[in-house]
Amino acid sequence: MRKGDKQPSLIAVLVLIFGLLLSACGGSTAGQTPTPGTQGVGSSPSPSPTTAASPSASPSGSPAAQETQTGAKCPEKNETLLIYSSLPMTGPSRVQTVSVVNGMKLALQEHGGKAGGYKVEFKALDDATAAAGKWTQEKETENANRAIRDGATVYLGTFNSGAAAISIPILNEAGIPMISPANTAINLTQPGPPDPKLYESLYRNGPRNYFRVVPADNLQGTAAANWAKELGAKKVYVLNDQEVYGLGLAQVFREHAQKIGLEVLGFEGIDPQAGSYASLMQKIMDKGADLVYFGGLVETGGTQLVKDLRDIEPDPEKIKFMGPDGILESSFIDGAGDAAEGAYGTVAAAPPDKLTGPGKEFYENYKKTFGSEPEPYAIFGHDAMLAALLAIDKACSKDPKDVLKALNNLGTVNGALGKWSFDKRGDTTLRTYHGYQVKDGKWVWVKQLNAGS
């Protein structure tokens, strides 16, 4: 501008600039911040069974940049990311694990089928075989390697702690984050029973990549021993299936039982493949036990143990039978029949009538979507998937290493389980366990348990 030219007014310049911007954008509102409504539990309409089977479907009118529970706003990308789960979908655990997968599907549907601006494709893998009737090392190894080969962003699993010990180091080397809805063995996140050295072997090739949304067995074993004493037990016999989960849990139960004054008459591992435990149960009766505690699963001896116990002593109050969340499944009752009556079990999941807020919405949405009651661990499947989606939102990336960083800094999750977060070990901050008993052929909630000392 030459000296002496008349300068335009500031208002005129602003009007001109605003007009040019409107012309360039064509009046589009794509960049406007949307109203939140598809993030979190129960914030979007409950999906139909058809859409639940196709969780990658996105809601109509999805905005270009959606604000999420993490506060992130990621641009839409014409790309798909993969999330795999690995659970025993064959054998006695199937009823429970199908419900867990349904919980994952529901969380994905409520999240709009997307995360981080990507369309999410979810695949449920089976780590069990028909021949074994449970998870196997070969299948879990195969699933973990498949996740690496296919470029999965997150691995949701496992159901069994022993399976986690197989896949964690495989995925650790690849930097793929793993979130379990059900593992409770202590030594997956810190040195502990049954093998304190196991923890050191899991994370040798990179930063810790493992997280879980369920409280660990240092709480479950303690809560169970406290409950056994409250029920009037004085002399207990402790059994385990000799696997990572069952043995570790039994050791915690034994240690705390002794600490609070219970007499532990015996501690031994069983052969999960044995067809009968009648002689073992007779020995336990002869020793004068008033409670048998079993650290293990339905498929590793749980049903046969209680059947053989009831053949010798039909009255469930004269010698009680208690187990962990590994037996708290409908398949335990189906397999044991009338012998299951009166058995006690512990699990982190609260009953539906105790759920409030997002938990209650989860329960109602689940029933509406799948036409059935959720099994106890379905709600943990929901929040495992939710944590994965929120981390992807936070990272605005499908690179597993970016998502891993986001998981370590995820903050508070407002999920179906309530408000919780991951601690520095990858453990949940949730600490509650509940006691159930089989009554009239169903697992019935009895009380919230004390996991303190």
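## Briefing: surface, helix α3 and the largest pocket

The accessible surface of the protein comes to about 18,900 Å². Carbon and sulfur atoms account for 50% of that surface. The model is predicted. It contains 14 helices and 17 strands. Of the 453 residues in the protein, 53% are buried.

**Contacts across the chain**

- Take the contacts in the protein between residues at least 6 apart in sequence: 75% of them join residues at least 24 apart.
- Asn 365 and Gly 103 give one pair to look at in space, with their positions 262 residues apart in sequence and 9.9 Å from C-alpha to C-alpha.

**Helix α3**

- Helix α3 covers residues 94–110, which makes 17 residues.
- At 1.5 Å a residue, this helix should span 24 Å.
- Its end C-alpha atoms are 24 Å apart, so the model agrees with the expected span.
- In α3, 13 of the 17 residues are buried, so the helix is largely enclosed by the rest of the structure.
- Gly 112 comes just after α3 and takes a positive phi of about 85 degrees.

**Two buried residues**

- Ser 85 lies in strand β3, which runs over residues 80–87.
- The relative accessibility of Ser 85 is 1%, and buried means under 20%, so Ser 85 counts as buried.
- Leaving aside residues up to four places away in sequence, Ser 85 touches Val 101, Met 104, Phe 122, Lys 123, Ala 124, Leu 125 and Leu 156.
- Asn 365 is found in helix α12.
- Asn 365 has 12% relative accessibility, so this residue counts as buried too.

**The largest pocket**

- The largest pocket holds about 950 Å³ of space.
- Its lining is made up of 40 residues.
- Closest to the pocket centre are Ala 349, Ala 350, Pro 351, Pro 352 and Tyr 436.
- Three helices, α11 (330–336), α12 (358–370) and α13 (378–395), each give two or more residues to the lining.
- Strands β16 (434–439) and β17 (442–448) also give two or more residues each.
- The largest share, five residues, comes from β17.
- By class, the lining has 23 nonpolar, nine polar and eight charged residues.

Conventions. Residues are numbered from 1 along each chain as its sequence is written. This is a predicted model: local features need pLDDT of at least 70, side-chain atom pairs count only at pLDDT 80 or more; totals for chains, interfaces and linings use all residues. Side-chain values use heavy atoms; hydrogens and water are left out. On a 1 Å grid over the protein atoms alone, a cavity is a set of points where a 1.4 Å probe fits but cannot get out, and a pocket is an open set with protein on both sides within 12 Å along at least five of seven lines; lining residues have an atom within 4 Å of a point. Grid points are joined across faces, edges and corners, and a volume is the space filled by probe spheres set on the points. Helices (H or I, at least four residues) and strands (E, at least two) are DSSP runs, numbered from the N terminus. Ala, Val, Leu, Ile, Met, Phe, Trp, Tyr, Cys and Pro count as nonpolar, Asp, Glu, Lys and Arg as charged, and the others, Gly among them, as polar. The expected span of a helix is 1.5 Å times one less than its number of residues. Buried means under 20% relative accessible area, exposed over 50%, partly exposed in between (1.4 Å probe, protein chains only). Contact means heavy atoms within 4.5 Å. Accessible areas come from the Shrake-Rupley method with a 1.4 Å probe; for residues, only the protein chains shown count as cover.
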